[in-house]
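Hi,

Here is the structure I promised to pass on. Have a look at it first, and my notes on what I found follow below.

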Amino acid sequence: MTGPFRYTSPEPPKSATGEVADVYAQLATDFGIKDATTFVVLSASPPLLTATWALMRESLLAGHASRTGKELVAAGVSLANRCPFCATAHAVLLHATGDHRLAETVLRGDEPEDPGDRRLLAWGKDMSTPQPFPAHEAAEYAGTALAFHFINRVVSSLLSEQMLPGGLERYRLVRRTAGRSLAATVRRELRPGTSLPLLGTTGEAPPWAAGSPVGTAYGALRTAAYQGAGLLGDEDAAFVRQSVAAWDGVTPLPLAARLPERTDRPGARLALLAARAPYRITDEDVAAWRVPPFTDHCLVHLIAFGAICAVERVEAVMRTAAVERT
């Protein structure tokens with residue numbers, strides 16, 4: 001493996017056309033990060049790329065809830081999912097908000113001083129806990145959390161752990177400097193819904209976000225990601241769904257947990273790992289499944305299927321917790 005991409009070879013962003021080029025253009029202006037590998041890795045499937053971007057944009061970047069608060073939730077999700085790439089990225093984005101001490105506190109794994117910040121970070125780590133935000137901001141906070149439950153799994157499965165060349169992100173000064181370069185973009189007020197015309201799929205919006213751009217984007221992502229189920233036989237697809245449905249939505253997959261064998265059920269193994277422990281995917285796991293005629297497009301969709309199964313399970317845990325506390 002060379003570069004950030006572990007198992008795929010995306011087309012260079014400069015050669016992109018159509019909706020892929022449109023997503024890259026919005027990324028540059030609204031996110032402030034040109035050619036972000038988090039999204040480039042999905043470019044083999046334009047519907048997945050556009051829906052993932054739309055969900056992140058409409059929940060994390062747009063809206064009226066505190067950007068710092070939403071970054072704390074995203075950081076909590078990324079820490080719980082053991083995604084160092086994403087955890088570091090959110091530390092950089094917290095630096096961009098100007099809260100440098102908070103950024104480094106979170107990245108070290110320490111507790112923030114402010115009780116409100118502590119509650120948001122804790123909820124990101126475990127969404128079965130009480131929601132520490134007002135009901136009118138639920139779509140943005142929940143959308144942010146679920147977007148990164150999906151993105152974490154894609155990143156851990158398909159990208160290296162290094163956010164910057166040579167692992168430069170391990171230096172505090174580099175993180176702070178990178179954050180400052182994004183400060184103007186982070187402080188911009190974005191108009192909700194601008195990403196929705198890019199969507200290549202549609203789907204039912206969840207009740208917690210119905211009527212909002214977040215809900216539209218979430219429905220589109222669920223539809224696009226579930227297309228990956230078609231890469232498995234009916235028995236294996238059902239096995240992955242049922243295995244993830246039996247999970248509590250929080251506890252990491254035990255090292256001793258039994259997985260489908262690479263030799264006879266490599267697709268089920270890969271999708272289940274993407275859902276429950278993407279950081280444990282190995283070269284051998286991918287090689288066992290990815291034989292002709294499977295392509296980059298297929299691999300991205302199989303990982304996305306596992307990821308969306310996990311996202312839906314976490315969403316169910318979140319909804320149950322909210323009902324129990326009303």
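The side chains of R269 and D285 make a polar contact, at 2.7 Å. Keep in mind that this is a predicted model, as is everything else below. R269 belongs to helix 13, which runs over residues 266-276. Is R269 buried or exposed? Its relative accessibility is 14%, so R269 counts as buried, the cut-off being under 20%. If you skip the neighbours within four places in sequence, R269 touches L259, P260, E261, R262 and D285. So D285 turns up twice for R269: in that contact list and as the partner in the polar contact.

Another arginine caught my eye too. The charged end of R265 sits over the ring of F239, 4.5 Å from the ring's centre.

Now for the rings. How many aromatic pairs does the structure hold? There are six. One of them is F133 with Y141, which is stacked: the centres are 4.6 Å apart and the planes make an angle of 10°. Both partners are tucked away from the surface in the sense used here: F133 counts as buried because its relative accessibility is 9%, and Y141 counts as buried because its value is 4%.

W208 and Y218 make a pair of another kind. Their ring centres are 5.5 Å apart and their planes stand at 70°, so this pair is edge-to-face, a label that needs an angle over 60 degrees. Where do the two rings sit in the chain? W208 is in the loop between helix 10 (183-187) and helix 11 (213-226), while Y218 is in helix 11 itself, and the two are 10 residues apart. W208 has 16% relative accessibility, so W208 counts as buried. Y218 has a relative accessible area of 0%, so Y218 is buried as well.

Going back to F133 and Y141, they also belong to a cluster: ring pairs link them with W123.

Last, a note from the records. An unreviewed UniProt entry annotates residues 47-94 as "domain: Carboxymuconolactone decarboxylase-like". What is the chain like over that stretch? In the model, residues 47-94 are 83% helix and 0% strand, and the C-alpha atoms at the two ends are 29 Å apart.

If you want a place to start, try the R269 and D285 contact, then move on to the cluster of W123, F133 and Y141.

Cheers

Definitions and conventions: Residues are numbered from 1 along each chain as its sequence is written. This is a predicted model: local features need pLDDT of at least 70, side-chain atom pairs count only at pLDDT 80 or more; totals for chains, interfaces and linings use all residues. Side-chain values use heavy atoms; hydrogens and water are left out. Rings of Phe, Tyr and Trp (its six-membered ring) pair if their centres lie within 6.5 Å; planes under 30 degrees apart count as stacked, over 60 as edge-to-face and the rest as tilted. Buried means under 20% relative accessible area, exposed over 50%, partly exposed in between (1.4 Å probe, protein chains only). Helices (H or I, at least four residues) and strands (E, at least two) are DSSP runs, numbered from the N terminus. A charge sits over a ring if NZ of Lys or CZ of Arg is within 6 Å of the ring centre and within 35 degrees of the ring normal. A polar contact is a pair of N or O atoms within 3.5 Å; within protein, one must be able to donate a hydrogen and the other to accept it, and residues adjacent in sequence count only if both atoms are side-chain atoms. Contact means heavy atoms within 4.5 Å. UniProt positions are given in the numbering used here, feature names are shortened, and annotations may be inferred rather than shown by experiment.
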